[in-house]
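Reader: I am new to this structure and would like a close look at a single part, the sheet of chain B and what surrounds it. Please take me through it slowly.

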Amino acid sequence: MVERDKIELLKDILFTDDREFAEKIARRIETIEHTVNEQEKLSEKVKPIILKQLDEFVTEIPTTLGPTITATLKEEIQKNRDGIVDALYPILGKMIKKYISQEIKLLSEKINKQLSAKRWTTKFKSWFTGVKEEDIILSETSSANIEQVLLIERGSGILAASYSKTETIDKDMISGMLTAIKGFVEDAFGQKNQNLELIEYELYNIHLQSFVSYYVAVVISGDYNTKAKDKVQDLIFDFYDDFMGKNLDKIFKSSDEKSKKMIDRESLEKELVLKFSNASI
Amino acid sequence: MQVSKKIVVLGHFGVGKTSLIRRFVEDSFSDNYKVSIGVHITKKVVEISVGHEISLILWDLEGTDDLKTIRDAYLLGTHGVVFVFDVTRPSTFQGLNTDLEIVKSKMPSLPLLVVGNKADLVVKKDLEEVLSKNAIATDFLTSAKTGDAVNDMFLKLAKLLD
């Protein structure tokens, strides 16, 4: 045996275990590779089936589970009718009570008015148009009415002038709060040149019309529909046009500095009364 | 003709902004602390000289530790500012000069009063020492609880706005 063969034999004896170990690892890697590839292939095949089944499941819920859910709910409601009524009654009751009392109040106020001075006008209107007298009265009860108008400085929220049918809480505070709400909403949504235009408050709507230095808030009761909205907008634009026109005249045509100021609150309020107090919308 | 001026009252949480306004407007005080949310607006007419009145519209803004977060919409058109801190809580005045810089950057060139509130709870001498140590200059030390210096403070601001 030559020297070289001896070394080879020695190598064989020494590295037998290592070689076997390496071969085992290679086999394992091969198995893992195979499994991964197979899983990917399997997933590719199975995924569309699962998705399809899921879609079908979702679309079929109303037909498959719907009746069961409805039946269960019905049964539960029948079993616990008192409990459910107890829970809902205060909420629904308050809503209905408030709504009905408000409606009756409005109706009785209108009818009282109609029965006095306007009665003959209504009768005449009914005879002339052929519409029943009750229908005319009812249609008038739901019409929109201007309750309050505020001319407010933008930003500061300081009240420049106001007109109100009835006494309310301090108008300066209302102007401030409206401005804060308006500012908050406009700020929160972060849209430039967008303004809060309407606030709904149960039976009232607050229409907000913004201009550059001021905005006008009109509080409306009754049915505030598109037609009424359109009329209110026209009234506001007319008023504002006059108001700004007079201001510009005062500022530019006046020779002395003292009178180069905005028109005073008193004149503005007269203007508001003139424009809004008898306006029908 | 009565002129209206918008005043904003600012400061950290719980320094007594609402209590100061309540004391000034309603002349009342309550120990029951309620956090102000958003903004609350009140009004008081003050006579700054015989026959000359000014209507102060007071915007009580919710307290905040970071004055940068105050909504700019609430500060628009402001005529005067009251910055309130709590003399019993160093955290409300330790960064006062930085806070004032922020206020001034948001509302430049406006009359501004710095007010240390709850002065009834500390010894005046000790308080002055603490404030001087922190390099804090105040315009008024008030107490919404006792009413001390509250009217004077708002009256001074009204005069500054006239």
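Author: What follows describes the sheet of chain B, then the side of that chain that touches chain A, and last the core.

This is a predicted model, in which local features need pLDDT of at least 70 and side-chain atom pairs count only at pLDDT 80 or more, while totals for chains, interfaces and linings use all residues. Residues are numbered from 1 along each chain as its sequence is written, and chains are lettered from A and ligands numbered from 1 in the order in which they are written.

Chain B holds five helices and six strands, where helices (H or I, at least four residues) and strands (E, at least two) are DSSP runs numbered from the N terminus. Read from the N terminus, the elements of chain B follow the order β-α-β-β-α-β-α-β-α-β-α. Of the 162 residues in chain B, 38% are buried; a residue is buried if 20 or more other C-beta atoms lie within 10 Å of its own, exposed if 12 or fewer, and partly exposed in between, with C-beta atoms placed from the backbone.

The six strands of chain B form an open sheet of mixed pairing, in the order β2-β3-β1-β4-β5-β6; strands pair if DSSP finds at least two bridges between them. Because β2 and β6 of chain B stand at the edges with a single partner strand each, one side of each is left without a neighbour in the sheet.

Within this sheet, β1(B) and β4(B) run parallel and are joined by five bridges, with V8(B) standing opposite V81(B) in β4(B). Strand β4 (residues 80–86) of chain B also pairs with strand β5 (residues 112–117) of chain B, in the parallel sense and over six bridges, and here D86(B) is opposite N117(B). Between these two strands the chain passes through helix α3 (residues 96–106) of chain B, in a β-α-β crossover that is right-handed; that is, with the strands pointing away from the viewer, the path from the first strand over the helix to the second runs clockwise. The β5(B) strand is in turn joined by two bridges to strand β6 (residues 140–141) of chain B, again parallel, and V115(B) stands opposite F140(B) there. Together with helix α4 (residues 124–133) of chain B, β5(B) and β6(B) make a right-handed β-α-β unit.

Turning to the contact between the chains, 17 residues come from chain B and 18 residues from chain A, two residues being in contact if their C-beta atoms, placed from the backbone, lie within 7 Å. On the side of chain B that touches chain A, two or more residues each come from β1 (3–11), β2 (39–49), β3 (52–61) and α2 (72–75) of chain B, and the largest share, four residues, is that of β2(B).

Finally, the largest nonpolar core has 73 residues, of which A217(A), V9(B) and W59(B) touch the most other members; such a core is a set of buried Ala, Val, Leu, Ile, Met, Phe, Trp, Tyr and Cys residues joined through C-beta atoms within 7 Å. Strand β5 (residues 214–221) of chain A gives the most to this core, seven residues. Once its neighbours within four places in sequence are left aside, W59(B) is in contact with residues including G176(A), V8(B), V9(B), I41(B) and Y74(B).
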